[in-house]
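Thank you all for coming. I would like to walk you through one protein today, going from a single residue outwards, so please have the sequence and the model in view while I talk.

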Amino acid sequence: MKTAEYEIVRDFAARREQVYAAWTRPERFARWFGPRVFTTPADRVVLDVRPGGAWQATLVGEEGFEVTLRGVYRETAGPGLLVFTTGDPDDPGDGPASVATLTLEEREGGTTMRFHQSGVNTDAEQARAGWLEFFDRLAEHLAIQATSSKVSARPWA
């Protein structure tokens, strides 16, 4: 059984509430969650953001290949904290399972996101690389949101 623990710190040029919404609103989560070779249909995302609430996202690849990721929220204190599982870390069997802690701190010009994950049956290097790709997509999504917010804020738009 492999165990893994690592942290990723990422700065985003977006308000903390916008970053939190990207993690907690299915229509926003679907735009960035998963590797680029997959799509994540918003109607296949469930985010019951409360302690004990479930989350689930189905990623769809080429030729209809699907993989569903799921877990449970352990702590929610929006817009600053989410603690959630992937898989079942209390009874992982042979599958990967972890606890992820996401903290969002306001800073001048945006938000610092700290993502800490510890898990079992997990290759730390591979898991970290996957999340880094997800977070690149999250940064792109937040940049698009910021641009569309500025455009819609114009009285003549």
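M113 touches I8, V9, R10, F12, W23, L102, T103, L104, F135 and L138, leaving out residues up to four places away in sequence, where contact means heavy atoms within 4.5 Å. This is a predicted model, in which local features need pLDDT of at least 70 and side-chain atom pairs count only at pLDDT 80 or more, while totals for chains, interfaces and linings use all residues. Residues are numbered from 1 along each chain as its sequence is written, and side-chain values use heavy atoms, with hydrogens and water left out.

M113 has its place in strand β7, and I should say that helices (H or I, at least four residues) and strands (E, at least two) are DSSP runs, numbered from the N terminus. At 0% relative accessibility, M113 counts as buried; buried means under 20% relative accessible area, exposed means over 50%, and partly exposed is in between, with a 1.4 Å probe and protein chains only. Between M113 and D11 there are 6.1 Å in space, C-alpha to C-alpha, although the two are 102 residues apart in sequence.

D11 also brings us to T112, which lies in strand β7 as well and is buried at 9% relative accessibility. The side chain of T112 makes a polar contact with the side chain of D11, at 2.6 Å; such a contact is a pair of N or O atoms within 3.5 Å, where within protein one must be able to donate a hydrogen and the other to accept it, and residues adjacent in sequence count only if both atoms are side-chain atoms. Setting aside neighbours within four places in sequence, the residues in contact with T112 include V9, R10, T103 and L104.

Let me stay with strand β7 and turn to its aromatic residue F115. Which residues are in contact with F115, once neighbours within four places in sequence are left aside? They are Y6, E7, I8, W23, F84, A100, T101, L102, W131 and F135, and F115 is itself buried, with a relative accessible area of 0%.

For the rings, the rule is that those of Phe, Tyr and Trp (its six-membered ring) pair if their centres lie within 6.5 Å, with planes under 30 degrees apart counted as stacked, over 60 as edge-to-face and the rest as tilted. By this rule there are 20 aromatic pairs. One of them joins F115 and W131 in a tilted arrangement, 4.5 Å centre to centre and with 45° between the planes. Because F115 lies in strand β7 (residues 110–120) and W131 in helix α3 (residues 124–153), this pair ties together parts that are 16 residues apart in sequence. The rings of F115 and F135 have centres 5.2 Å apart and planes at 75°, so that pair is edge-to-face. Here too distant parts of the chain are linked, with F115 in strand β7 and F135 in helix α3, 20 residues apart. Both partners in the helix are buried, W131 at 8% relative accessibility and F135 at 0%.

The same residues appear again in the largest nonpolar core, which has 32 residues and in which W23, F115, W131 and F135 have the most contacts. By a nonpolar core I mean a set of buried Ala, Val, Leu, Ile, Met, Phe, Trp, Tyr and Cys residues joined through side-chain atoms within 4.5 Å. Its largest share, six residues, comes from α3.

W23 belongs to α1, where Q18, V19, Y20, A21, A22, W23 and T24 are buried. Seven of the nine residues of α1 are buried, so this helix is largely enclosed by the rest of the structure.

Stepping back, the protein has three helices and seven strands, following the pattern β-α-α-β-β-β-β-β-β-α along the sequence. Buried residues make up 40% of the 157 residues.

Finally, some backbone details. Most residues other than glycine have a negative phi, and most peptide bonds are trans. A cis peptide bond, however, joins G78 and P79, with omega about 5°, and P79 sits in the loop between β4 (66–77) and β5. E63, in the loop between β3 and β4, has a positive phi near 55°, and E63 is exposed, with a relative accessible area of 85%. N121, in the loop between β7 and α3, has a positive phi of about 55° although it is not a glycine, and N121 is partly exposed at 21%.
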